[in-house]
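Me: Could you take a close look at one part of this protein for me, the nonpolar patch on its surface, and set it against the chain as a whole? I would like one connected account.

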Amino acid sequence: MKVGLFIPCYVNQLYPQVAIATLKLLEKLNIAVYYPSTQTCCGQPLGNSGYRRRL
């Protein structure tokens, strides 16, 4: 099995140990893990700061 691991910036900033533990667990289960180079921002920081697109 191969999975793409998405680590949002807020996890990287606030809880990097969670991302590392997730990677280690997946690798221990013999799951091939890659980080998708084309992934985009989830938008969480913008949403938390109140940004909303106006039509």
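Reply: Of the 55 residues of the protein chain in this predicted model, 11% count as buried, and that is a useful background for the patch you ask about. The accessible surface of the chain comes to about 5000 Å², and carbon and sulfur atoms hold 57% of that area.

On this surface, Tyr 10, Leu 14, Tyr 15 and Val 18 form a nonpolar patch, with about 410 Å² of accessible area together. Among these residues, Tyr 15 sits in the loop between α1 (9-14) and α2 (16-28). Tyr 15 is classed as partly exposed because its relative accessible area is 48%, and the exposed class begins over 50%.

Ser 37 offers a second loop position to look at, in the stretch between β2 (32-34) and α3 (44-48). With a relative accessibility of 73%, Ser 37 counts as exposed. Although Ser 37 and Phe 6 are 31 residues apart in sequence, their C-alpha atoms are 10.0 Å apart in space.

As for the setting, the chain has 3 helices and 2 strands, which follow one another from the N terminus as β-α-α-β-α. The radius of gyration is 14 Å, well over the 10 Å that the globule rule gives for 55 residues, so the chain is more spread out than a compact globule. Its C-alpha atoms fill a box of roughly 45 × 20 × 15 Å along the principal axes. Among contacts between residues at least 6 apart in sequence, 75% join residues at least 24 apart.

Notes:
Residues numbered from 1 in each chain as written. Predicted model: local features only at pLDDT ≥ 70, side-chain atom pairs only at ≥ 80, totals over all residues. Heavy atoms only, no water. Patch = residues over 30% accessible without salt bridge, like charges linked within 9 Å, V, L, I, M, F, W, Y side chains within 5 Å. Areas by Shrake-Rupley, 256 points an atom, 1.4 Å probe, with all protein chains shown as cover. Salt bridge = Lys/Arg side-chain N within 4 Å of Asp/Glu carboxyl O. Helix = DSSP H or I, 4+ residues; strand = E, 2+ residues; numbered from the N terminus. Buried < 20%, exposed > 50% of the residue type's maximum accessible area, 1.4 Å probe, protein only. Rg over C-alpha atoms; globule rule 2.2 N^0.38 Å. Contact = heavy atoms within 4.5 Å.
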